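Got the viewer open? Here is a short tour, one selection at a time.

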Amino acid sequence: MNPRRKKRLLAVVAIIFGVGATIGLVLYALQENINLFYTPSELVEGKGPNKEKPHIGQKLRIGGMVVPGSVVRDESSLKVSFKLIDKGPMVTINYQGILPDLFREGQGIVAQGVLVKANEIDAFEVLAKHDEEYMPAEVAEAVKGIKHEKPTYNLDNGN
Amino acid sequence: MIPELGYFSLTLAMVLSVLLCIFPLWGAHTGNLRLMRAAPSLAIGQFVFVLLSFAALVYASLTDDFTVSYVAYHSSSTLPWYYKITSTWGGHEGAILLWLVMQAGWTAVVAMRSQSLPWVLRARVLGVLGFLGVGFMLYTLLMSSPFERLLPYFPVEGRDLNPLLQDPGMIIHPPLLYMGYVGLSVSFSFAIAALLTGKLDNTWAKWSRPWTMTAWGFLTLGITIGSWWAYSELGWGGWWFWDPVENASLMPWLVATALLHSLSTTEKRGVFKSWTVLLAIAAFSLSLLGTFIVRSGIIVSVHAFASDPNRGMFILAFLAIVVGGGLSLYALRVSQVKSEGRYKFASREVALWLNNIFLVVATLIVLLGTLLPMIHKELGLGSISIGEPFFNKMFAILLVPFAILMGMGPLLRWKQNKWSMLQNKFALSAVVSLVATAAWLYSSYDVIAPITFIATALAVWIVVTTVVDLAAKVTIHKTLGEGFKRLGLSYWAMVLGHVGLAFVIAGVTLTSAYSVERDVSMKPGDTVALNEYQYRFDGVKPIRGANYSGHAGVVTVLKNDKQVTVLHAEKRRYDIGMQFMTEAAVDAGFTRDLYLALGEQLSQGAWSLRIYHKPYVRWMWLGGILISLAGFLVLGDKRYRQKSTKQEASA
């Protein structure tokens with residue numbers, strides 16, 4: 001092999017190696033970070049034609065309506081738990097921290113977290129809709145036909 | 001009356017842009033100089049009428065004309081006047097009109113500042129810009145007119161501007177970003193014109209470069225301001241969410257960054273010609289793709305406005321024409337292009353080539369992460385999301401070789417280098433960077449993760465090598481003053497851009513590694529300590545603004561029992577939409593931000609509060625501003641201001 005060809009061969013091998021490594025790395029990182037979206041009934045009854053249920057410890061996203069009256073706050077910390085519903089069963093969400101501005105009972109929200117029991121999720125992120133017009137499309141689809149409730153936040157009893 | 005005039009004015013602009021598309025391109029094709037000469041005045045006329053149209057919308061908004069549907073939905077009579085103006089781009093229709101103003105504005109500026117170009121090229125550039133103008137105006141007139149009326153039943157009060165958008169950052173963020181997006185259409189037009197002409201020599205690169213740099217500068221500034229807005233307005237201290245809309249702006253930025261490095265190589269060395277053209281096409285296509293993603297409603301985010309599938313289809317079709325047309329022309333003409341320069345492996349050419357590879361790989365990763373969930377959903381496989389860790393991990397991995405190369409690049413010469421002459425400089429820079437980083441981090445922090453050290457060291461490495469190169473280049477002249485003078489603005493632009501990125505890297509790394517966050521429940525009088533600061537909650541007081549009311553949590557920040565500042569973290573409720581907004585209180589500093597957000601009211605007079613200590617977070621935006629300055633600096637370069645007398649048509 002003459003030196004020029006050898007050089008080219010080396011370059012080609014390096015490129016193939018580089019491309020392969022990149023693709024492998026990307027796929028590996030992707031696999032770890034794809035979070036499936038469930039509605040509460042899909043979570044409990046299974047999703048899709050095969051009724052696939054998530055396993056305990058799986059990271060997932062869930063979207064539904066906050067069941068009115070289900071929000072329970074811890075007195076001494078910022079722990080809060082509430083139930084989500086779409087059409088069928090309810091799922092409990094536990095969260096620690098400050099809920100978003102537009103979090104209300106009876107509103108659609110999306111939570112991201114880890115499944116700890118068949119119908120319980122420890123959320124690390126809770127997202128609410130951004131304004132009156134906007135609702136996560138996934139939630140809108142899941143809760144078609146359910147009536148929204150007006151906010152009942154009292155501004156006058158501060159201090 | 002005024003809104004109808006606005007619509008009419010836009011129709012006239014559309015007619016002019018159709019002419020702007022046809023006359024010069026036909027003239028250039030047939031060698032008709034008179035047709036080509038019509039281009040500049042058509043371009044300016046188009047701009048004037050688009051501007052009038054925009055003025056009509058601003059007028060309608062300022063005068064609270066709620067018979068105009070757009071104003072009724074995006075403004076209200078209680079809105080302060082400056083937000084009334086910004087509300088004209090707070091919604092979909094108005095934002096597209098602003099886009100048109102930018103598009104027509106760039107076209108007019110190109111028309112006025114391109115006298116030095118041969119007529120054939122000038123006419124073709126303006127013709128392609130005219131074509132793009134036709135596309136966007138057709139879209140506005142047919143599908144998204146902001147001038148539609150709500151007659152005869154119109155509301156007496158508007159629906160108000162989304163409170164999230166009532167922020168100074170939001171006043172300037174969209175115009176800057178659009179300046180960048182649309183500015184890339186100029187690079188695109190230059191590339192297409194050069195392909196049509198068949199002359200892809202380095203003069204083409206020389207002409208395209210200042211335009212690309214300016215557009216890129218605006219894009220950088222737009223993204224930076226957007227990040228700062230998200231930080232100050234969304235209330236949870238984040239500055240980048242890998243949200244599809246953010247990704248949509250990052251992709252053109254990455255490709256445009258590759259483009260301007262590639263352009264400089266093409267200009268100076270006559271290599272990478274066809275690649276440069278491809279990048280110019282890709283950069284603008286990605287800004288169109290971004291528009292498609294945002295406007296079509298296939299994604300949901302803060303930025304997604306009321307969406308309409310027809311609109312998405314129109315933009316998708318337009319995107320197909322632009323990308324398809326551009327690439328076909330490229331395929332037809334690219335075989336004529338030949339590289340002139342020769343170079344060895346250890347050369348600046350190869351360094352820049354690698355820079356391009358890394359930037360394109362980064363773009364592909366963002367593209368994959370953005371489009372995959374959409375494709376997945378459209379295929380009926382269910383909805384998925386791709387988490388931030390994916391992007392963070394990929395960018396962290398790419399950063400290492402990219403930053404090492406970035407430090408070495410400026411020290412390399414064109415064509416070839418002797419390794420023995422460079423290794424001392426590199427070794428010295430590496431040692432200095434490692435020592436400086438160790439001294440910096442170990443004096444400030446107890447725990448240092450390897451990744452934090454590496455990333456910080458890379459930022460320092462970029463600065464050190466830049467200084468080493470600068471010192472070497474300045475000292476070869478007799479006096480320092482002369483040395484500085486001789487360097488030229490393009491060189492300074494590079495220094496600014498690279499140092500700016502080093503600031504961004506350091507800021508992102510340190511704030512990610514050492515931010516401390518606490519969500520606490522506090523009663524008046526309670527004190528919480530976070531790092532070296534104590535936060536004393538002094539209770540809440542009611543507040544009242546022009547169009548909102550709410551509470552401000554008053555927190556006194558102390559350090560060693562001395563008062564540092566008093567922060568007012570607000571929780572607002574906007575009168576019209578009844579939306580709640582957290583208005584975070586920030587005590588900004590060069591090396592740290594203290595960030596406070598008021599949460600909800602708990603029982604027994606307690607409130608939840610979120611307290612952050614964010615070290616070096618400002619460096620990120622400071623870096624962004626430095627980088628964008630690099631883009632504007634090139635405008636002052638004499639090389640791009642030379643006026644040639646060549647005004648002959650040579651078709």
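## Start with chain B

Color by chain and pick chain B: among its contacts with a separation of 6 or more, 75% are between residues 24 or more positions apart. Keep in mind as you go that this is a predicted model. Chain B holds 18 helices and 10 strands, and 52% of its 651 residues are buried. Turn it around and you'll find that the C-alpha trace spans about 85 × 80 × 55 Å along its principal axes. How does its radius of gyration agree with that of a compact globule? For 651 residues such a globule would come out near 26 Å, and chain B has 27 Å, so the two agree.

## The five-strand sheet of chain B

Next, show the cartoon and look for the open sheet whose strands come in the order 3-4-5-6-7, with antiparallel pairing. Select 527-530 and 580-583 of chain B: these are strand 3 and strand 7, the edge strands, and each of them pairs on one side only. From one strand to the next, the twist averages 25 degrees.

Now zoom in on strand 5 (residues 548-559) and strand 6 (residues 562-574) of chain B. They run antiparallel, and 12 bridges join them. To see one of those pairs, click B:V554, whose bridge partner in strand 6 is B:H568. As background, the strands of a sheet pair through backbone hydrogen bonds, in either a parallel or an antiparallel way.

Follow strand 5 into the loop that leads to strand 6 and stop at B:N560. Is B:N560 buried or exposed? It counts as exposed, because it has 8 C-beta neighbours inside 10 Å. Check the backbone while you're there: phi of B:N560 is near 50 degrees, a positive value, and the residue is not a glycine. Most residues other than glycine have a negative phi.

## A second residue with positive phi

For another case, jump to B:D160, in the loop between helix 6 (119-143) and helix 7 (168-197) of chain B. B:D160 isn't a glycine either, yet its phi is positive, at about 75 degrees. Its surroundings are another matter: B:D160 has 26 C-beta neighbours inside 10 Å and therefore counts as buried.

## The four-strand sheet of chain B

Back to the strands. Four of them in chain B make an open sheet in the order 2-10-9-8, and the pairing is antiparallel. Which strands stand at the edges? Strand 2 (516-522) and strand 8 (585-587) of chain B do; each has a single partner strand, so one side of each is left without a neighbour in the sheet. The twist here averages 20 degrees from one strand to the next.

Pick out strand 8 together with strand 9 (residues 592-601) of chain B: three bridges join this antiparallel pair. B:D587 is a handy place to click, with B:L594 in strand 9 as its bridge partner.

## Over to chain A

Hide chain B for a moment. Chain A has three helices and seven strands, running α-β-α-β-β-β-β-β-β-α from the N terminus on. Of its 159 residues, 31% are buried. Count the contacts in chain A between residues at least 6 apart in sequence, and 59% of them join residues at least 24 apart.

Select residues 9-30 of chain A, where an unreviewed UniProt entry places the feature "transmembrane region". In the model that stretch is 100% helix and 0% strand, with its end C-alpha atoms 31 Å apart.

## Where the chains meet

Bring chain B back. In the interface, 42 residues of chain B are in contact with 33 residues of chain A. On the chain B side, the largest share comes from helix 13 (residues 388-408), which supplies five residues. Sorted by class, that side has 19 nonpolar, 18 polar and five charged residues.

Then select strand 1 (residues 34-38) of chain A and strand 1 (residues 384-386) of chain B. The two run antiparallel and are joined by three bridges; A:I34, for one, has B:I386 as its bridge partner.

Last stop: A:R61, in strand 2 (residues 59-66) of chain A. It counts as buried because it has 22 C-beta neighbours inside 10 Å. Leaving aside neighbours within four places in sequence, A:R61 is in contact with A:N35, A:F37, A:V110, A:Q112 and, across in the other chain, B:S385. Draw a distance from A:R61 to A:N35: their C-alpha atoms are separated by 6.4 Å, although the two are 26 residues apart along the chain.

Methods
Residues are numbered from 1 along each chain as its sequence is written. Chains are lettered from A and ligands numbered from 1 in the order in which they are written. This is a predicted model: local features need pLDDT of at least 70, side-chain atom pairs count only at pLDDT 80 or more; totals for chains, interfaces and linings use all residues. Two strands pair if DSSP finds at least two bridges between them. Axes are lines fitted to C-alpha atoms, for helices over the stretch in contact, and angles run from 0 to 180 degrees between N-to-C directions. Two residues are in contact if their C-beta atoms, placed from the backbone, lie within 7 Å. Ala, Val, Leu, Ile, Met, Phe, Trp, Tyr, Cys and Pro count as nonpolar, Asp, Glu, Lys and Arg as charged, and the others, Gly among them, as polar. UniProt positions are given in the numbering used here, feature names are shortened, and annotations may be inferred rather than shown by experiment. A residue is buried if 20 or more other C-beta atoms lie within 10 Å of its own, exposed if 12 or fewer, and partly exposed in between; C-beta atoms are placed from the backbone. The radius of gyration is taken over C-alpha atoms; the globule rule is 2.2 Å times the number of residues to the power 0.38.
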